[in-house]
Amino acid sequence: MSRRLLPIALVLAAAIAYPVAIVSGGAPHFPDRSDCVDLATKDGEIDAVFGRFDKRSDAAARLRVVLGRGFTGSKIEGDGCGRLKVVVHGIPTLAVGKELAAEARRVGLHVTLEHAAP
Amino acid sequence: MNAHSIGGLFALNMLLLAVGVTILYALRGWVSWTELARLSGVAYMLGVAATSVVWVFELIVGISFGLVTIIGTGAVLAVVASFAGHRVGHRLPGIRVGMKIPRLSFVSAIFAAATIVYLEAAFRAARLAGLYEFDAWAFWVPKAKAIYYFGGLDEQFFRELINQPYPPLVPALEAAAFHFMGAPDVVTLHLQFWFLFVGFTAAVVGLLSGRVPPLFLWPSLLLMLVTPHVGGHFYHPTADFLIDELFAIAALLVALWLIDRKDWQLLGAGILLAAVVLTKREGYAFAASVIVAALVVTARERRAAWPKLIAVGIVAAAAALPWRIFLGVRGLGGGGPEAGGTGLFSNLDRAWPSLRLAVSTLFDYHLWLLVTPLAVVAILAAFAAGARVLPLYTTLLLVFAVVAFTYSTWAFPSLGISKEPALNPIVRLTGEVVLLTPALVPLLLASAWRRALPVVEDP
């Protein structure tokens, strides 16, 4: 390689090496709405979420079902990612949350236990 | 936020670059394609400045701001500039002219590689940056969203926002970005400011490479890039860095004009300064400082130099006129200082603390590392070596900047004497000097070392 090309090759190598090194760890991650779901894995401030919805009417329909099956305290909130969730706050431990989830399953509802948003 | 948004932003910036290339063709042309590549950063900044100034005029007269207007404005500017360039005798070089690989020293290569990797890393930071900066979410981006949704400067909305008198160049640019992204994606929007910063960096390199030794150009550029405040803030969707970038390139073009006396440099500076005054209120002071500094250093040749400099000043000032009239018509007030004019005398106790704050912020190592001391050393070295015009010009720019920074605190008694961003915008203001440094320090050092400053090979 001629002395003229060597410096240019150095610049090109650096310009390519950095993105290649980054991409080698996996394709660039574009956050999506699933990143708003922070599943609970340990005790702490935990929410029980009975579903996420794009339309308020759908969320309201689910809320009626949830309240009708005895989960008082449920309400509709924005999830910070442009969707609405039907949620019960204030679950103190993961064990209590799992009991609540089992209870929900028995009455035909699906619940996810999530860390409460800060 | 997705690849589609990034692709949209890329397309918008290619449009701005294309417009800028035609403006460069009108102003000076190029003798080879390598030369055009070298000046592509300047072309991009000219494209950003000219296109966004016209967008502001269109918003003021009530033209609906949509994709058709955005692209149509660029197309009209490109056609007019191409025609003007052809009329003044500029011609495109042949395809094979200047396709040679440019000569690059190892010093340049090492620093260029570091700069590119820095900018690539900054891309990653900007791609996922949240809208946390107060000014960004409080009024810059809401204004842009209003333009995006309503197609113009909605009277009620703009009246209710804070800082109504701020000119809408940045909101217009952000609204254009929203249109190209296909949605008001306030996260990916940060990348638009990454593009602007890359354009600024490329413009500095393009204007100075080949005329100053690489060891003077690259380290000062890299020093500016790695300062804590630059690295953490240049991609925020506010006007603070854009005004500094436009101003620094305009000041550099005027500095080069002081050496070369090529008219295109002054014309280019005029376009950039027009955008400066439409970006933020302090743009008036920034633009005036460049013109006055150049007037002072050309006092001995005032007959030849002053009419051109004054014409540039008039062009920049005239660009702000429609916006000032618009503010008057809508009764939005001029956005003057709380205690300007005689009000300064009733706040005399703030004068010294304001000056001390301005100077201490400029020299704050934790904000700007050693950028300002480097500028001072370069000025002293140039004076010591017998140079006069460039060091005096730079000194005046620094002095005017300190006066403006001092005034900004002194004339606004509600601002605290503090570097805390929530209390005083002094840190953001001082970015003007910091971005100016890599543009002027290499020229100063080159003149200090008595290196030849070859006249650029303009056609």
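Let's start with A:A95, a residue of helix α3 (residues 94-106) of chain A. Keep in mind that this is a predicted model. A:A95 is exposed, because 10 other C-beta atoms lie within 10 Å, and a residue with 12 or fewer counts as exposed. In sequence A:A95 and A:D43 are 52 residues apart, yet in space their C-alpha atoms are 8.1 Å apart.

Chain B offers a similar story. B:G232 sits in helix α11 (residues 228-233) of chain B. B:G232 counts as exposed, with 12 C-beta neighbours inside 10 Å. Along the sequence, 110 residues separate B:G232 from B:A122, while the C-alpha to C-alpha distance is 9.0 Å.

**Where the chains touch**

How many residues of each chain are in contact with the other chain? The contact involves 15 residues of chain B and 12 residues of chain A. On the chain B side, helix α5 (residues 106-127) gives the most, with 8 residues. By class, the residues on this side of chain B are 10 nonpolar, 3 polar and 2 charged.

**A helix with two faces**

Now look at helix α4 of chain B, which covers residues 67-87. This helix has 21 residues and reaches 30 Å from its first C-alpha to its last, close to the 30 Å expected at 1.5 Å a residue.

Which residues of α4(B) are buried? They are B:I70, B:T73, B:G74, B:L77, B:A78, B:A81 and B:G85. Viewed down the axis of α4(B), these buried residues fall within an arc of 125°, so they line one face of the helix. A general rule helps here: an α-helix has 3.6 residues a turn, so residues three or four places apart point the same way.

The buried residues of α4(B) are covered by parts of chain B that include α1 (3-27), α3 (40-61) and α8 (169-181). Turned away from the buried side is a face that carries the exposed residues B:V68, B:V79, B:F83 and B:R87. After α4(B) comes B:G89, which has a positive phi near 100°.

**Two helices side by side**

Two packed helices are described by the angle between their axes and the distance between the axes. In chain B, helix α12 (residues 240-260) and helix α14 (residues 283-297) pack at an angle of about 10°, and their axes are 11 Å apart. Angles under 35 degrees count as roughly parallel, and α12(B) and α14(B) are therefore roughly parallel to each other.

Which residues meet where these helices pack? From α12(B) come B:I243, B:F247, B:A250, B:A251, B:V254 and B:L258. Their partners in α14(B) are B:G283, B:F286, B:V290, B:A294 and B:V297. This contact has 10 nonpolar residues, 1 polar and no charged ones.

**Positive phi outside glycine**

Two loop residues of chain B are worth finding in the structure. B:N163 has a positive phi although it is not a glycine, and B:L369 also has a positive phi in a residue other than glycine. The table sets out their values.

| Residue | Phi | Loop in chain B | Other C-beta atoms within 10 Å |
|---|---|---|---|
| B:N163 | about 55° | between α7 (155-160) and α8 | 13 atoms |
| B:L369 | near 50° | between α17 (365-368) and α18 (371-384) | 18 atoms |

Are these loop residues buried, exposed or partly exposed? B:N163 is partly exposed, and B:L369 is partly exposed too.

Notes:
Residues numbered from 1 in each chain as written. Chains lettered and ligands numbered in written order. Predicted model: local features only at pLDDT ≥ 70, side-chain atom pairs only at ≥ 80, totals over all residues. Contact = placed C-beta atoms within 7 Å. Helix = DSSP H or I, 4+ residues; strand = E, 2+ residues; numbered from the N terminus. Nonpolar A, V, L, I, M, F, W, Y, C, P; charged D, E, K, R; others polar. Expected span 1.5 Å × (residues − 1). Buried ≥ 20, exposed ≤ 12 C-beta atoms within 10 Å, placed from the backbone. Arc of directions from axis to C-beta. Axes fitted to C-alpha atoms, helices over the stretch in contact; angles between N-to-C directions. Parallel < 35°, antiparallel > 145°, perpendicular 65-115°, else oblique.
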